[in-house]
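Visitor: I am new to this structure and should be grateful for a close look at one part of it. Please explain how its helices and strands are set against one another.

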Amino acid sequence: MTLSQLEVGEIGIVKEFTDLEMSVKLMEMGCLPGEEIRISRIAPLGDPIAIHVSGYQLSLRKFEASTIILQ
Amino acid sequence: MKADIRVALVGNPNTGKSTLFNILTGLNQKIGNFPGVTVDKKTGFCQLPDGRTAEIIDLPGTYSIYPKSKDESIVFSVLADKSKGLVPDLIVVILDASNLKRNLLLYTQIADLKIPVVVALNMIDVSEKAGIAIDIDLFAKKLGVPVVPVSARKIKGIDQLKSTIAYANKIALQQDTIDVDVIAPQIIAQIKDELKIDNPYFALQLAHQHETLSYLPTEQSDRIEELEKENSFHSQKAQATETIARYNFINDLLYDTVKKPDTAHDETVSNKIDKILTHKVFGFVIFFAILMFIFQAIFSWSAYPMSLIEDLFIWVQSGLTKVLPAGPLVSLLVDGVIAGLSGVMVFIPQIAILFALISILEDTGYMSRVTFMMDKVMRKVGLNGKSVVPLIGGFACAVPSIMSTRNIENWKDRMITIMVTPLVACSARLPVYTLLIALVVPNRNVWWLFNLQGLALTAMYLLSIVSAVVVAFVMKFILKARERGYFIMELPVYRMPRWKNVAFTMYDRSKTFVFQAGKVIIAVSIILWVLKSYGPGDTFARIDQKYSQQQYTKIMTPDSLTKVIASEKLETSYAGVFGHVIEPVIKPLGFDWKIGIALISSFAAREVFVGTMATIYSVEGDADKLESVQQKMHSATNPDTGKPVFTLAVAFSLMMFYAFAMQCASTVAVVYRETKDWRWPAAQFAYMTALAYTASFIVYHWLK
């Protein structure tokens, strides 16, 4: 299951990444393996999404969310 | 001013770094460039409690020492490049106390470079309010550096920060955060050995960033490249390992020192605001309402100060012509330099208002929501959510808007934004449109509500946005991407705008515009003045001679005589000659040589069109009054056919030309400044001219 499959309000825990380049950027922003992520909202047009992670709100595109595999 | 120590401010975006910088330095700051790159370098001076003076450098906000944009790459190169004398004696790392985890990543990277560090724990009031309890003493002890709680917004803890800076150690005493050597043992050891570097993290950063560090000698950079191959060093893998290790350290640190309440995050104020502002329907309604407001503000609020500035320059010009003896030098000063200066200054109100509003939107956190909402649409046409701001700004002036594209990290998205922004109908086109529409479009209402002239103007504005989008879409396929596009962006908590910051941004942007664009506009104005004031051979003398004959002096008033002479001189001047030369080229568009002169002189600034028309048609009385120019143009007839010159077809063809052509020396200059490559402004000039010619041609022949 990837992060892009979660609905608003659902929570997942990061397991690993499918894309090395993206993972480096995501990890810098606090999306690390073991970290809890909650979907805060989805942009009005369906993409990007906003997530709550490491104590703050981060937005990323659905494609980028699909590189995050959840536990 | 000579500083005793140099202090650099480093921190994540949205941590109040700039506010802290403004408080520490007051208005005692200056903006320059970092060597070799167009990234603003803000420096200022701060008096320390021990009597010494500190030079404070505000480094661009970044989440990590690994750069994602041009601005961010400055941070490491300033800390690394010892040759420019910019390496700070002390770094103040600013951490957002209410969001410590992500903020600490940058701290651990900076700390491991082993430059003396002080931590400013900003927004301590916000975190206290949220019930976050930080054991500051233990926190400081674990890091091994002084930690000062401050609130930059409420100006609390500043004195303590200043004295901490004054009495900070000259040697780095901070604890190691991670074991750097294990990440890539061999290559770190070799770089340390061969480049005589003692810090392992510095060596590792050289391995990562050597390609982009301009100060590094080529042979050293090549040698590092060789070492990477020998050791099969993989930059991204090493960075991933490092980031995980750093967050492990951070999690341990926060576990011991920070207690957070277990309340649901969902009910924060920010979240409630987001529910409305990024709502499926209200979100867009509010966004368009704000856009309309910005639009209104740029036009209506600036009208009064703009006419004030214009009046001031007219007063200065007429005053000078009265006081100073007539001659070419005075004419150069009055009609060349001062006229050019007026063309620059008149935009200050619009630029100030635009940047005040933009900085309010950015400061409150709303701008990142706009980006969030618009990203999907903008991406479809090859742009980026962040391109929305420059495109809106383009309605005021392309110059500051192109300057504001710097925060678009993706190279391709940024270039496309720069390339299409000048298509957006800027305020300099407004006087041209107003004049031409009033000339040919009847002033009456259709369907009771809509004024025809208003509709025509709206159509020109819509056309500008549509053309920008279409061109962006085409360029999406032409330009090759340098890196993968991504959109990982913080949505900061909503905050009240900092009014001092807003005021400062207004001042700062206006100043940059005046100095950057001003130079070019004045230079072009002087060239145009020469072209308009001199003619080949003794033509000017002959005109003077001709009108000194009695047959003219008797029947004409001195005032109208001057006008006729000016008009005839312009016709025979170099500008007039040029107008005649390009006439065959512009004839298919319905333009005669008089319009040709206006097109040439509009290159300094588009609104010069009105003034040039006034001179060409030797308008009597006040040349700056739109009505009188309009009347003259209305009655102008083609000497060959006897029909009016400004027909509907010609006027609209001319408007098309102004809509698409790059007739703006300042924009050309600023595009060069931002891209550092003449090919970009050249390509832009070429495609816009081609577009202008084609559009005018089609419209002229369609309406003829």
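Guide: What follows treats a sheet and then two pairs of helices.

This is a predicted model, in which local features need pLDDT of at least 70 and side-chain atom pairs count only at pLDDT 80 or more, whereas totals for chains, interfaces and linings use all residues. Residues are numbered from 1 along each chain as its sequence is written, chains are lettered from A and ligands numbered from 1 in the order in which they are written, and side-chain values use heavy atoms, with hydrogens and water left out.

The sheet is open and has six strands, in the order β5(A)-β1(A)-β2(A)-β3(A)-β4(A)-β12(B), with antiparallel pairing. Strands here are DSSP runs of E with at least two residues, helices are runs of H or I with at least four, and both are numbered from the N terminus; two strands pair if DSSP finds at least two bridges between them. At the edges stand β5 of chain A and β12 (489–490) of chain B, each with a single partner strand, so one side of each has no neighbour in the sheet. Strand β1 (residues 11–17) of chain A is joined by three bridges to the antiparallel strand β2 (residues 36–42) of chain A. Within this pairing, I11(A) has R38(A) as its bridge partner, and I13(A) has E36(A). Three bridges also join β1(A) to β5 (residues 68–70) of chain A, again antiparallel, and there E16(A) stands opposite I69(A).

Two packed helices are described by the angle between their axes and the distance between the axes. Axes are lines fitted to C-alpha atoms, for helices over the stretch in contact, and angles run from 0 to 180 degrees between N-to-C directions. In chain B, helix α18 (residues 411–420) packs on helix α20 (residues 452–478) at about 140 degrees, with the axes 9 Å apart. That makes α18(B) oblique to α20(B); angles under 35 degrees count as roughly parallel, over 145 as roughly antiparallel, 65 to 115 as roughly perpendicular and the rest as oblique. The contact (heavy atoms within 4.5 Å) involves K412(B), I416(B), M419(B) and V420(B) of α18(B), and A468(B), V471(B), A472(B), M475(B) and K476(B) of α20(B).

Also in chain B, the axes of helix α1 (residues 17–25) and helix α6 (residues 158–166) come within 11 Å and cross at roughly 80 degrees. These two helices are therefore roughly perpendicular to each other. L20(B), I23(B) and L24(B) of α1(B) meet I158(B), L161(B) and K162(B) of α6(B) in the contact.
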